[in-house]
Amino acid sequence: MISIIPASPSDFSTIKALAYAIWPDTYGAILSQEQLEYMLGAFYSEEALLDNYLEKGHRFLLVKEDETVLGFASYEHLYKETNTTRIHKIYLLPETQGRGLGKLLIQEIEKIALENHADKLSLNVNRFNKAKDFYTKIGFEIVGEEDIELEYGYLMEDYIMEKQLIK
């Protein structure tokens, strides 16, 4: 049985392990091994996850099949002090993709966003990531591009995508 449940800081070691299992498949052809390792360390250390949770108001969800965690998402309400719910992370184990789990996670975030009076969902996706097509298929539109410079000369080359919410 598939379920989506809220995650707490006690789940951050699980989220970290999932990210380390998922990212090489998702970004291996896009990023160098060095950048991949840097970004995993920067974004998925338990300290970084806790900082996002405590200081930035990110909330996390886990998608499970029975007792096995298959993926996760994180989101933030009132992104940049607007009525926008921002999806910061959404990842599924490669072998589970195509089963509708990503759509279920987005639908759950959409429901929570509407309960919190959001007008739209927003996310960034790497311009070379095939997930862009998934987001387009479920109602997101590209509204801009953003290049985010990281340490060591690394660059995140993203599309900014949004989905208007219907109340």
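The following questions and answers go through strands, a helix, aromatic rings and loops in a predicted model.

Colleague: Is strand β5 mostly buried or mostly exposed?

Modeller: Strand β5 covers residues 120-126. A residue counts as buried when its relative accessible area is under 20%. Since 5 of the 7 residues of β5 are buried, the strand is largely enclosed by the rest of the structure.

Colleague: How many bridges join β4 to β5, and do these strands run parallel or antiparallel?

Modeller: Strand β4 consists of residues 84-92. One pairing between the two strands sets T85 opposite L121 in β5. The count for β4 and β5 is 4 bridges, and the direction is parallel.

Colleague: Which helix does the chain pass through from β4 to β5, and is the crossover right-handed or left-handed?

Modeller: Strands β4 and β5 run parallel. Between them the chain goes through helix α4, residues 101-115, which gives a β-α-β crossover. The helix is α4 and the crossover is right-handed.

Colleague: Which residue in β7 stands opposite L121?

Modeller: Strand β7, residues 155-164, pairs with β5 in the antiparallel sense over 7 bridges. L121 is the bridge partner of T85. In β7, the residue opposite L121 is K163.

Colleague: Is strand β2 largely enclosed or largely open?

Modeller: Strand β2 spans residues 59-65. Of its 7 residues, 5 are buried. For that reason β2 is largely enclosed by the rest of the structure.

Colleague: How many bridges join β1 to β2?

Modeller: Strand β1, residues 2-7, runs antiparallel to β2. S3 has K64 in β2 as its bridge partner. The number of bridges between β1 and β2 is 6.

Colleague: Which residue in the turn between β2 and β3 has a positive phi?

Modeller: β2 and β3, residues 68-76, run antiparallel and are joined by 7 bridges. One pairing places F60 opposite S74 in β3. The two strands form a hairpin with 2 residues between them, and the turn residue with a positive phi, about 55°, is D66.

Colleague: Why do the buried residues of helix α3 line one face?

Modeller: In α3, residues 46-55, the buried residues are A48, L49, N52 and Y53. On the other side of the helix, E47, L54 and E55 are exposed. The buried residues line one face because, seen down the axis of α3, they fall within an arc of 135°.

Colleague: Which ring does the charged end of R59 sit over?

Modeller: Y53 is among the buried residues of α3. The charged end of R59 is 4.2 Å from the centre of the ring in question. That ring belongs to Y53.

Colleague: What is the angle between the ring planes of W23 and Y44?

Modeller: The structure has 14 aromatic pairs. W23 and Y44 are one of them, with 5.6 Å centre to centre. W23 lies in helix α1 (residues 12-27) and Y44 in helix α2 (residues 33-44), so the pair ties together parts that are 21 residues apart in sequence. Planes over 60 degrees apart count as edge-to-face, and the pair is edge-to-face at 75°.

Colleague: How many residues apart along the chain are Y27 and Y91?

Modeller: Their rings form an edge-to-face pair, 6.3 Å centre to centre with 70° between the planes. Y27 is in helix α1 and Y91 in strand β4, so the pair links distant parts of the chain. Y27 is buried at 9% relative accessibility, and Y91 is buried at 12%. The separation is 64 residues.

Colleague: Which residues form one aromatic cluster?

Modeller: W23 and Y44 are both buried. The charged end of K89 sits over the ring of Y44, 4.7 Å from its centre. The cluster consists of W23, Y27, F43, Y44, F72 and Y91.

Colleague: Which residue's side chain makes a polar contact with that of E151?

Modeller: E151 is in the loop between β6 (141-149) and β7. With 49% relative accessibility, E151 counts as partly exposed. A polar contact of 3.1 Å joins its side chain to that of Y38.

Colleague: Is E81 buried or exposed?

Modeller: E81 is found in the loop between β3 and β4. Its phi is positive, near 60°. A residue over 50% counts as exposed; at 79% relative accessible area, E81 is exposed.

Definitions and conventions:
Residues numbered from 1 in each chain as written. Predicted model: local features only at pLDDT ≥ 70, side-chain atom pairs only at ≥ 80, totals over all residues. Heavy atoms only, no water. Buried < 20%, exposed > 50% of the residue type's maximum accessible area, 1.4 Å probe, protein only. Pairing = 2+ DSSP bridges. Right-handed = clockwise from strand over helix to strand, strands pointing away. Polar contact = N/O pair within 3.5 Å; in protein donor to acceptor, adjacent residues only side chain to side chain. Phe/Tyr/Trp six-rings, centres within 6.5 Å; stacked < 30°, edge-to-face > 60°. Lys NZ or Arg CZ within 6 Å of the ring centre and 35° of its normal. Arc of directions from axis to C-beta.
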